[in-house]
Amino acid sequence: MLLIPKNWAVFQHYKDRCPPWIKLHRDLLNDRTFMCLPIASKAIAPLMWLLASESKNGVFDGSVDELVFRLHITTKEYHDGVKPLIDKGFFIIASGVLAERKQLAIPETETETETETETETETETKTEKKQKATVVATPDGVSQSVWDDFKTLRKAKKAPITQRAVDGIIVEANKAGWSLEQALTECVVRGWQSFKAEWVADKPKLVNRFDVATTTVPSRQGLDPALVKLNQDKLKVVPPSPEILAKMQSLRVKT
């Protein structure tokens with residue numbers, strides 16, 4: 001069975017040669033699908049990427065016997081770690097299929113013969129479907145300009161926008177008490193491809209200009225209602241009589 005890492009041609013920095021080392025991007029820590037894999041899968045994945053780097057096209061022998069020998073693992077560790085990586089699309093089958101665990105008691109040659117039901121053409125078709133970008137519409141409450149800026153940021157980081165990614169940001173924004181637009185704006189400003197509530201725990205949320213109260217600002221179309229009321233009250237005031245004015249004057253003289 002031959003395997004190849006997902007998107008190997010896209011992320012291969014060295015052309016027409018086999019580098020002695022590989023790079024792991026920090027964004028792997030934010031990949032929910034990868035982080036939800038069994039611990040055995042997360043431990044074996046870097047070793048399998050190293051095996052892929054031995055060939056120019058990234059294809060390597062992923063059979064049980066080969067990986068048990070090359071990676072110094074047991075058959076059980078192989079099935080516990082490798083199968084989830086294939087099921088979740090981190091490695092694509094280039095030839096043959098992975099035997100089910102229930103068929104371990106059957107000789108390997110017979111197992112491979114019985115389970116080879118998928119042709120290379122079918123595998124390539126499924127791969128092409130997985131690689132098609134999912135179009136996500138502008139979320140409610142998010143301005144088109146902010147959404148366009150966020151899409152440009154994700155594209156620059158080679159991180160397609162999926163509905164699962166947007167839903168994750170919404171959850172984290174709610175934890176922080178932020179709106180989705182405020183969270184996406186912060187991502188654009190900071191250069192983040194995602195958003196975590198803990199990243200802004202000590203930071204006051206951005207104030208949306210539409211949230212600022214404007215009741216104290218006089219209307220441009222007329223006088224402030226409060227000023228109008230004061231002027232009306234002044235007109236209703238009755239001036240004091242001459243006797244009262246004389247009395248007030250005498251009190252001032254005595255003082």
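# Exercises on Helices, Salt Bridges and Loops

Arg190 forms a salt bridge with Glu186, and the closest N and O atoms are 3.0 Å apart. The model is predicted, and the exercises below take this pair as their starting point.

## Exercise 1. An ion pair in helix H10

Determine how Arg190 and Glu186 are placed along helix H10, and classify the accessibility of Arg190 and of Glu186.

*Solution.*
Step 1. A salt bridge requires a side-chain nitrogen of Lys or Arg within 4 Å of a carboxyl oxygen of Asp or Glu. The N to O separation of 3.0 Å between Arg190 and Glu186 meets this criterion.
Step 2. An α-helix has 3.6 residues a turn, so residues three or four places apart point the same way.
Step 3. Arg190 and Glu186 are four residues apart in helix H10, and therefore about one helical turn separates them.
Step 4. Buried means under 20% relative accessible area, and exposed means over 50%. With 3%, Glu186 is buried, whereas Arg190, at 47%, counts as partly exposed.

## Exercise 2. Salt bridges in helices H4 and H5

Describe the salt bridge between Arg70 and Glu66 and the one between Asp80 and Lys76, and state which residues form a network with Arg70.

*Solution.*
Step 1. The structure contains eight salt bridges. One of them joins the side chains of Arg70 and Glu66, at 3.7 Å from N to O.
Step 2. Both Arg70 and Glu66 belong to helix H4 (residues 64-71), where they stand four residues apart, about one turn of the helix.
Step 3. Arg70 is partly exposed at 33% relative accessibility; Glu66 is also partly exposed, with a relative accessible area of 26%.
Step 4. A network of salt bridges links Glu54, Glu66 and Arg70.
Step 5. In helix H5 (residues 75-87), Asp80 and Lys76 are likewise four residues apart, about one turn. Their side chains meet in a salt bridge of 2.7 Å, N to O. Lys76 counts as exposed, at 57% relative accessibility.

## Exercise 3. The two sides of helix H8

Establish how the buried residues of H8 are arranged around the helix axis and which helices they pack against.

*Solution.*
Step 1. Helix H8 (residues 144-156) has 13 residues; its span of 18 Å from first to last C-alpha is close to the 18 Å expected at 1.5 Å a residue.
Step 2. Its buried residues are Val146, Trp147, Phe150, Leu153 and Arg154. Viewed down the axis of H8, the buried residues fall within an arc of 120°, so they line one face of the helix.
Step 3. These buried residues pack against helix H9 (163-176) and helix H10 (180-190).
Step 4. The face turned away from the buried side bears the exposed residues Thr152, Lys155 and Ala156.

## Exercise 4. Positive phi in two loops

Locate His72 and Lys158, and give the phi angle of His72 and of Lys158.

*Solution.*
Step 1. His72 lies in the loop between H4 and H5, and Lys158 in the loop between H8 and H9.
Step 2. Although His72 is not a glycine, its phi is positive, about 55°. Lys158 is not a glycine either, and has a positive phi of about 55°.
Step 3. His72 counts as exposed at 72% relative accessibility, as does Lys158 at 53%.

## Exercise 5. A nonpolar surface patch

Identify the residues of the nonpolar surface patch and place Met248 within its helix.

*Solution.*
Step 1. Ile244, Leu245 and Met248 make a nonpolar surface patch of about 260 Å².
Step 2. Met248 belongs to helix H12 (residues 242-254) and is partly exposed, with a relative accessible area of 37%.

Technical notes:
Residues numbered from 1 in each chain as written. Predicted model: local features only at pLDDT ≥ 70, side-chain atom pairs only at ≥ 80, totals over all residues. Heavy atoms only, no water. Patch = residues over 30% accessible without salt bridge, like charges linked within 9 Å, V, L, I, M, F, W, Y side chains within 5 Å. Areas by Shrake-Rupley, 256 points an atom, 1.4 Å probe, with all protein chains shown as cover. Buried < 20%, exposed > 50% of the residue type's maximum accessible area, 1.4 Å probe, protein only. Expected span 1.5 Å × (residues − 1). Arc of directions from axis to C-beta. Contact = heavy atoms within 4.5 Å.
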